[in-house]
Amino acid sequence: MRLAEHQYRSITAIRGPLLFLERVFAARLGELVKIAAPDGRMLTGEVLKISGDQVLVQVFGGTQGLDTRQTTVSFNDAVMRAPLGAGMLGRVFDGSFRPRDDLPMFIPEFRMPVSGAPINPVARAHPIEFIETGFSTIDGLNTLVKGQKLPIFSCAGLPAREMTDQLLRQARLPDSGPFVLVLVAIGLTHFEYQFYRQTLEHMQSRFVAFINLADDPVVERLLAPRLALTVAEDLAFRQEMDVLVIITDMTNYCDALREISTAREELPGRRGYPGHMYSDLASLYERAGRIHGRKGSVTLLPTVTMPEDDITHPIPDLTGYITEGQIVLSRNLHQKGIYPPVDVLPSLSRLMQNGIGKGQTRKDHRDLANQLYRTYAKGCDLRRLEAVVGRDGMLADDRRLLDFANRFEADFVHQGRERRSIEATLDTAQALLAAFREVTR
Amino acid sequence: MNGKVTSISGATVCVDLPDLKIGDRVFVGSNRLTGEVVRLDSHIATIQVFEENRGLGIGETVTTASGPLTVSLGPGLLGGVFDGLQRPLPLLQKNSGDFIASGQNPFPLDCNRGWEFSSERQPGDALRSGEAFGRVREGHIDHLLLASQDGTLERMHSGVLQLEQPAAILAGNQRLFGWHSWPVRLARPYRSKLPPTTPLVTGQRCLDFLFPMLKGGVAIVPGGFGTGKTVLEQTIAKFADVDVVVYVGCGERGNEMAGLLDEFGELKEPRSDRPLMERTIIVANTSNMPVAARESSIFTGVTMAEYYRDMGLDVLFLADSLSRWAEALREISAALEEMPGEDGYPTYLGSRLSGFIERAGAVKTLAGGQGSLSMILAVSPPGADFAEPVTQACLRVAGALYLLDTQLAHRRHFPAINWTQSYSLYSDTAMAHFTEQHGEWARLQARCSDILQREDALREVAEVVGMEGLQDADRLLMRTAEKIRLDFLCQNSFTEDAYAAPQTTIEHITALVAEHDRLAAALDGGALLDDLLKEAADAPC
């Protein structure tokens, strides 16, 4: 154990965001370092790998202006910790926890390691409490519950941003208990940032935002969600609040992971993404949850933009394997002018069974959802047949099913910018099913 | 013996400690993190650390434990919830809170609990390793206490036994306890392997009827995300007709484990009407818990499963999912800078996997009984592409394939078992057994497969000419096939329907086929299908 801070000027190489140092005494894995550039700029970094007295450091921030002669690196024996306290509410930070809203830094009450620790599986409480998002396709058919992680799979050009924005404004708990939003924006363009800023202004103090802009350092893209989840865990499990964490966009996160991994000369896996991406994503997503005997919860809604609209791409694929379902947006529906363009057939909420029905939403919720789903699936199947044999060559019942599919998209899926309560969602479902009674049984 | 940490790269740590063996267990650093020796280079040993090692420093001490990574085997395992290193999770929670802290190593079994001991052998008997010398009652089973070494019995314990008391003394003052430890990577010995002959009833109509499983067999369940692997595995864990179930949540979701624990705590086993947890051991190493412990979790689980098999019991081992295990293996291999094979997996993936899967089987035990260890293993192929290495490596050794189909899942057809691509090599043996007990099984199975296959062909026609353009006989077949699919093959795991006994399964399919035959006969007699269906719909049920 070193007792004093150690300073070194022994950088041997700088590659991308990585520094190689030698003759370092007793470094620790994950140790936080401070880097003083020759121009006086201060950066932080983290120890990734140690071999004898040689140390590999990952720098948070750009390495422009660093050199091997004058740059000083100081080691101080501590792992990276996030500052926490009541003052963080209502604030906007960057990917290194520096204020982005022109206000001074809040005074931290204490600090916690950013990597977190896994929740003991026996301490986890099973997620069962309904969250109302205001979207019929989610509340009615793919219900979100407290402690769940439910990603939105979007495609380039689809209105995922508008949906995220509406979620920020609309998400509600049925008992209207304290609900805090944590927004993590990774690789956000300035254009989109303007958009979210307006939303955040409406939120008063019930939010914490971490914004990493598209031209900010790539390493901070890996750090931002970890800081945010550390904050979320503190709000949820110490301050007993229900927290909804919205991350946009995980695709930028994974691309950053690939970039850093390549710089570290790790073996690339599928499409160049590192082989440990599953475990890495799990270390984020699995921080969602509830704990027996504690009031708060962390619910996670990440957005993933599927490259080339491909759901089998490693990013949506690995995400889908970790999360409890997915909300899939469809280009086809978007082109029909339907908003939100949620394709309910591949969408799924694995924890829905527990969060609906009597005492949660409404007694008939499960039946309505099953009937809608089944009838719409039949209608969609028949659309292919219609394309071949034409509408006239089909049985009368089949033609009704086609009509149902169209009406379902127009009345139930499509809702424009209106917020629908769960009651309104279920009433819409009921009316729709009643109008097609003969084919929905 | 002590050494010092010389390099750290993620969970891979090098130490300058001579005289270690491959597979030895060591404790790393001031936090005493558990690790395993994976490579030796002259005086430097490479250690895979099983716990979060952030904060570990160069120069910290490494100490050796005696011997390799082991599990403790004895009464009290049933009902337990462990991590991938067999650390009891409820105790970890009690000791270190709701989040898992590193460096905790509590003993997995409860030493304070007393067990009513009855001896199986007399003083003076020659006892061979693996033979039973006593028994205790653990829940619904007779738990045999198995000797961990040879010797002549000198004294036996009588009355209530606690685990730290010797249960028997052998000549030379060797003590036998109610528990012993066993290296996880070493398969437990048996007298001989037997061909599996008895069906393992899962309670899933689609499996029992079309693709039956045998006690001692191995089935794999590959499926993309959202196809219901976990629900199927958990449903089988609830209803399978075995004595002991070992369920390994390997690199999967924490919330799912929480749901499983809640549910298993409340449910009763349908045949014995005893709490389900009494026959279940859960190993939970969720995806955010350390990767190396995930790799060891299936070995931890299977060793406990073998232990109960050795008492002459039927044990079912379920893992969800093997792909996460393979990925852990890949991460470890990459950290060791080994040459990668297909998709980055190490080239020894296939041999490691077959070595593991071959621990299943029906055996004659060293204690003289017959036991079986069956495996049903979920596989999560990336992008639901079954050509990937893990699925393919499993297929070479598994006897049954239950392939889960994304299309079926999207239609909410659950369990989403694809009936054209799945198979069971155990079918003939199981069928003979079922036919003997329930009649007609084999004939009906052939009929049912035939109807489903003809439906596939007809559907292609219907897609061109429309349902209107089909003959009545063909439309009837389509209707029957739809009924078989929706009423028979679909089975809701969240209702009473979750379990179907073989007798109800056979009655169910008999009725469906009989109705088809009746209507087909009427069509032959000149009736019109629409009239017949109208009649059927109007008839009071």
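This dialogue reads a predicted model of two chains, A and B, feature by feature.

Biologist: Before any detail, what do the ipTM and pTM scores of the model come to?

Modeller: The model is predicted, and the scores are ipTM 0.89 and pTM 0.93. As a general caution, where pLDDT is low, the predicted coordinates should not be read in detail. For chain B the mean pLDDT is 92, with 99% of the residues reaching 70 or more.

Biologist: Staying with chain B, how many helices and strands does it have, and why can it be called as compact as a globular protein of its length?

Modeller: Chain B contains 14 helices and 28 strands. Its radius of gyration is 27 Å, which is close to the 24 Å given by the globule rule for 541 residues, and therefore chain B is as compact as a globular protein of that length. The C-alpha trace of chain B nevertheless has its own proportions, spanning about 90 × 55 × 40 Å along the principal axes. Of the 541 residues in chain B, 52% are buried, and among contacts between residues at least 6 apart in sequence, 68% join residues at least 24 apart.

Biologist: Turning to chain A, which domains does the assignment give, and how many residues of domain 1 are in contact with domain 2?

Modeller: The assignment divides chain A into domain 1 (6-79), domain 2 (82-354) and domain 3 (365-440). The C-alpha centres of domain 1 and domain 2 of chain A are 30 Å apart, and 11 residues of domain 1 are in contact with 10 residues of domain 2. On the domain 1 side of that contact, the largest share, three residues, is supplied by β6(A), while by class this side has five nonpolar residues, five polar residues and one charged residue.

Biologist: Since β6(A) appears there, why is this strand described as largely enclosed, and which strands pair with it?

Modeller: Strand β6 of chain A covers residues 54-60, and six of its seven residues are buried, so the strand is largely enclosed by the rest of the structure. It pairs in the antiparallel sense with β3(A), residues 18-21, over four bridges, and it also runs antiparallel to β5(A), residues 42-51, to which seven bridges join it. Q58(A) shows both pairings at one residue, being the bridge partner of L18(A) and also of E46(A). Between β5(A) and β6(A) there is a hairpin with two residues between the strands, and G52(A) in the turn has a positive phi of about 60 degrees.

Biologist: How many residues does each chain bring to the contact between A and B, and where does the largest share of the chain A side come from?

Modeller: In general, the size of an interface is often given as the accessible area lost when the parts come together, but here the description is by residues in contact, with 57 from chain A and 56 from chain B. Several elements of chain A each supply at least two residues of its side, including β5, α6 (277-285), α7 (314-322) and β21 (342-349). The largest share, six residues, comes from α10(A), and the chain A side has 31 nonpolar, 17 polar and nine charged residues.

Biologist: Which strand of chain B does β5(A) pair with, and which residue stands opposite K49(A)?

Modeller: Strand β5(A) pairs in the antiparallel sense with β1(B), residues 2-9, over three bridges, and within that pairing K49(A) stands opposite S9(B). Strand β5(A) is thus joined to β6(A) by seven bridges and to β1(B) by three.

Conventions. Residues numbered from 1 in each chain as written. Chains lettered and ligands numbered in written order. Predicted model: local features only at pLDDT ≥ 70, side-chain atom pairs only at ≥ 80, totals over all residues. Buried ≥ 20, exposed ≤ 12 C-beta atoms within 10 Å, placed from the backbone. Pairing = 2+ DSSP bridges. Rg over C-alpha atoms; globule rule 2.2 N^0.38 Å. Contact = placed C-beta atoms within 7 Å. pLDDT = per-residue confidence, 0-100. Domains from an automatic or database assignment. Nonpolar A, V, L, I, M, F, W, Y, C, P; charged D, E, K, R; others polar.
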